[in-house]
Amino acid sequence: MSLVHLEDLYILVIVILRIVVMIHGLNSNCNTQIFAAYVMCTAQDMDAVRLTLEQIDLIRRMCDQYPELELATTAEAMRNTTKIACLISIEGGHSIDSSLAALRMFYVLGVRSMSLTHNCNTPWAETSSVFYSYYKREINGLTDFGKAVVDEMNRLGMLIDLSHTSLATAREVLQRSRAPIIFSHSSSYTICNHSRNVPDDILLMLKKNGGLIMVNFHNGFIACGGQGNVSTVANHFDHLKHVLGAEHIGIGSDYDGATGFPEGLEDVSKYPALIAELLSRSWSEAELAGVLRLNFLRVFDKVEEVRDTLRNTPPSEVQIPFAEANNSCRVELKPPVIPQMRNDFSVHGHSPLLSVSALFWAVLPLHYLLLHW
């Protein structure tokens, strides 16, 4: 999510939810919109944390200001609200500045999902992108601190999002996480061999993990840069269904994060065309109900179950080694070195302390006289 005005964001939400209701016949008490508190990864090592806080503040103010909206932080709240539930995610682990304490504070503010990277490496996880040169290293997956991030997200009950991560990072996370993970906006690598998409071997790991891949509609990921259409997108759905089953698929269109979409799926008003196409390809209404909503809720439920099993696990005290996240904006916590004061006030070789002492004894009799005048 880019920086937007509150009113514009609200209008976008209403449009999206009306389309979902129209497609799925949802009751008024089961609507949800996930908002990404997105900050460009080039803010890493600078003010990414502050910018992320400002995005979270925007989302929370919007959910408070409009009576149709309500902040949701649990799967139960998503099911039970009579309003449109707002779920907050963070897009890019650079937003926590390599700090588990920052991660926990974002959770307190209502964040329930985070992608481990965006288009830049973090000091502890690798991106699928080659745009930027941040934190290039020989280790291509998770560092030890990256593993601690995964463990702490499991403990908190936060959804781990692997869209934008490298294949090596995705594999390591899927092997380590106790909870299901999501690819919030990725598609099939077999249909379009883009680095942002997911190959079949990782899809099989995702199936074993119990997680979810939410299909991205961007032409670059659907048609490998060509002009796609509704049928092109449906081909991704069909392949994913073949490899891991309809219960592990969702929609992650990326309308608010990209430009250039398939003909006939230019915006959310065209969702019915995709549903009609999938119905014509023998997808059942039950499968599509899962794709539109229920699969995500199942994954969120399981993430919370894992959290509950870890309730007696204390918060992690792991800190990233200073050398791994060293930059000009990071302070190494150690006792300060206090510079020795210059002896500018000394007279005839006497120290400033002696001069002050002499002054004290000179003033004391005057003080006595004033008190007893």
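Student: Which residue follows helix 4, and what is the sign of its phi?

Tutor: Glycine 110 follows helix 4, and its phi is positive, near 110°. Keep in mind that this is a predicted model.

Student: What makes serine 99 a cap at the N-terminal end of helix 4?

Tutor: A side-chain oxygen of serine 99 lies 3.3 Å from the backbone nitrogen of alanine 101. A polar contact needs N or O atoms within 3.5 Å, so the 3.3 Å pair qualifies.

Student: Which residues of helix 4 are called buried, and why?

Tutor: They are Leu100, Ala102, Leu103, Arg104, Phe106 and Tyr107. The word is used because each has under 20% relative accessible area.

Student: What do those buried residues pack against?

Tutor: Their partners are helix 2 (48-65), strand 3 (84-91), strand 4 (111-115), helix 5 (144-156) and helix 11 (285-309).

Student: Where else does helix 4 turn up?

Tutor: In the lining of the second largest pocket, to which helix 4 gives the most, with three residues. That pocket holds about 320 Å³ of space. Its lining has 17 residues, and Ser98, Gln319, Ile320, Arg330 and Leu333 lie nearest the centre.

Student: Why is the space of about 70 Å³ called a cavity and not a pocket?

Tutor: In a cavity a 1.4 Å probe fits but cannot get out, whereas a pocket is open. The space of about 70 Å³ is the largest cavity, so a probe placed there cannot get out. Thr165, Phe183, Ser195, Arg196 and Asn197 lie nearest its centre, among 15 lining residues.

Student: How many cavities of 30 Å³ or more are there, and what lines the second largest?

Tutor: The count is two. Gln44, Asp45, Gly93, His94, Asp97, Ser98, Pro123 and Trp124 line the second largest cavity.

Student: What makes two of those lining residues nonpolar and two charged?

Tutor: Pro and Trp count as nonpolar, so Pro123 and Trp124 go there. Asp counts as charged, so Asp45 and Asp97 go there. The other four are polar.

Student: Which residues touch the most other members of the largest nonpolar core?

Tutor: Met114, Leu116, Phe217 and Phe237 do, in a core of 71 residues. Helix 9 (residues 230-244) supplies the largest share, seven residues. Apart from this core lies another, of 17 residues, including Met78 and Val303.

Student: How do you know that phenylalanine 217 is in contact with Phe237?

Tutor: Contact requires heavy atoms within 4.5 Å. Phe237 is listed among the contacts of phenylalanine 217, so the two have heavy atoms within 4.5 Å. Other contacts include Ile222, Val233 and Leu274.

Terms used:
Residues are numbered from 1 along each chain as its sequence is written. This is a predicted model: local features need pLDDT of at least 70, side-chain atom pairs count only at pLDDT 80 or more; totals for chains, interfaces and linings use all residues. Side-chain values use heavy atoms; hydrogens and water are left out. Buried means under 20% relative accessible area, exposed over 50%, partly exposed in between (1.4 Å probe, protein chains only). Helices (H or I, at least four residues) and strands (E, at least two) are DSSP runs, numbered from the N terminus. A polar contact is a pair of N or O atoms within 3.5 Å; within protein, one must be able to donate a hydrogen and the other to accept it, and residues adjacent in sequence count only if both atoms are side-chain atoms. On a 1 Å grid over the protein atoms alone, a cavity is a set of points where a 1.4 Å probe fits but cannot get out, and a pocket is an open set with protein on both sides within 12 Å along at least five of seven lines; lining residues have an atom within 4 Å of a point. Grid points are joined across faces, edges and corners, and a volume is the space filled by probe spheres set on the points. A nonpolar core is a set of buried Ala, Val, Leu, Ile, Met, Phe, Trp, Tyr and Cys residues joined through side-chain atoms within 4.5 Å. Lists of a residue's contacts leave out its neighbours within four places in sequence.
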